[in-house]
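Dear colleague,

I am passing on the structure below, together with some notes on its aromatic rings. Please read the notes with the coordinates open beside them.

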Amino acid sequence: MNSIMEQEFELIAKTFMGLESVLAEELTQLGANNVQIGRRMVSFTGDKEMMYRANFQLHTAIRILKPIAKFKAKSAEDMYEEVKKLEWSKYLDNKKTFSVDSVVYSDDFRNSRFVTYKVKDAIVDWFRDNTGTRPNISVSNPDIRLNIHIAEDNATLSLDSSGESLHRRGYRQESVEAPLNEVLAAGMIRMTGWDYSCDLIDPMCGSGTILIEAALEALNMNPGVFRKEFAFEKWPDFDQELFDSIYNDDSEEKEFEHHIYGYDIDMKAVNTARMNVKAAGLSKYITIEQADFKNFKQPAEPALIVMNPPYGERISTPNLLNSYKMIGERFKNAFKGNEAWVLSYREECFKAIGLKPSIKIPLYNGSLECEFRKYVMFDGKMKEFRAEGGIVKTEDEKREMAQKHRFKKNREFKERLEAEESNNDGDIRSFTFHKPRFNEDEHHDRRHFDRYKGGKGKNNDGDENESRGSRRGGKKFEKGGKRFDKGEKRFDKSEKRGSFGKRKRFTEDED
């Protein structure tokens, strides 16, 4: 083993409920060892390089923790004494700031804030006893982040190697109301089994999260390329050379021969999505247009639909059930021979689609227990489709369905009345939007609607020749080049992300 590497140690990758198996598969592909699925997490082992790669390369993890102590604690005093036993000079010094996050599932510790305070007290008292001075606490931008997890009387204290949640990729310039989480979107793309051999369409794309995450998957781009920093970069044993070699290696990236299309009925959403796509440097691969899904036409080439329509919770729409009825009608009449996946919340909404799904996968979107359902559209009858070799549900999907729970039968459903809605045009979404930068008449080729044409689309920023080297807001500015030094000014504040060279590091004070 290379001398730069360490002995393997335990790591924990946190994720959302329902994505554990997807994350476990991703970790296995990354080369992690001893991969074990837990509740909202996957444990594994690896060295320092694996920890860096997990943060930088995983699409479906929200945080990577490195456990440093496990102990039993039945009271606050127990926990204080166990934390104070550790040799804290290994992780902190008096000049560094720290913070503590607590996750508590225990009758003995009902107040997570109290747990946080006791851990902080133990660390501060250790430094006072051993050095005479104490480190400071910083909530907003600490040098070292700690995580304490308590399940009944089992406590795990970990170093947080990620810092800000990994779903915050760094490409989002604007948001619509209730945007889809990036990690959830990436997990959804992986669950579909899309092999990048056809186009992908999101007909209600909002701010474009599904589109961007799909492009990152298709190109095998590392989602960490847009990030300003990771918490492990402030650790005493941080290996700058090792991390630079990981950060600047794009040898595993692939070409994507098809195209990704996004549509939305609201022009504000279209503008927002275009802005985010441009910031990510992916406009060569993603085209976004304003269009109503009720006008969707049969694509000339095979395609996959992945969509997250409104649920009637944070986003309301007139005739909510009619919107879902329209979705089912378009699937049946204008998407024959293809597959579509829908994430939604209410059983009533799914029933309104009027089609039988071939698989239902429970997923949490925030606090909402949703389902991700697959619809296989085919001509004729099911019996004939299967007789010709058509597959509605794969063996893996059958096994997945067998172990998943069903919807709650008594879920409340609030009927939405058209008369009560302020938007009489039946817009699918409502938005908050501040900085429009595109004109509505810039793009006219709505490929999957009334004016559908075959073939691939232009770059939706009007640049047909955008190079892969200039398509992202990342760090490396030429092939084989090195990242900027820590103290070097990287670019002017006035520069837009996504408009500069390859993989340049964002500045601390950039928005």
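**Aromatic contacts**

A search across the whole structure, which is a predicted model, finds 22 aromatic pairs. In one of them, the rings of F56 and Y247 have their centres 4.5 Å apart and their planes at 45 degrees, so this pair is tilted. The pair links distant parts of the chain, since F56 belongs to helix α2 (residues 48-57) and Y247 to helix α7 (residues 240-247), with the two positions 191 residues apart. F56 is buried, with a relative accessible area of 0%, and for Y247, also buried, the value is 0%.

Another pair is formed by Y311 and Y345, whose ring centres lie 6.4 Å apart with the planes at 40 degrees, so that this pair, too, is tilted. Here again distant parts of the chain are linked: Y311 sits in the loop between β12 (303-307) and α9 (320-334), while Y345 sits in the loop between β13 (339-344) and α10 (347-353), 34 residues apart. Y311 is buried at a relative accessible area of 7%, and Y345 is buried at 12%.

Beyond single pairs, one aromatic cluster is formed by Y52, F56, F230, F232, F238, F243 and Y247, so the tilted F56 and Y247 rings described above are both members of that cluster.

Two contacts between a charge and a ring may also be of use to you. The charged end of K66 sits over the ring of F9, at 4.2 Å from its centre, and R373 lies over the face of F350, 4.0 Å from the ring centre.

With best regards

Definitions and conventions:
Residues numbered from 1 in each chain as written. Predicted model: local features only at pLDDT ≥ 70, side-chain atom pairs only at ≥ 80, totals over all residues. Heavy atoms only, no water. Phe/Tyr/Trp six-rings, centres within 6.5 Å; stacked < 30°, edge-to-face > 60°. Helix = DSSP H or I, 4+ residues; strand = E, 2+ residues; numbered from the N terminus. Buried < 20%, exposed > 50% of the residue type's maximum accessible area, 1.4 Å probe, protein only. Lys NZ or Arg CZ within 6 Å of the ring centre and 35° of its normal.
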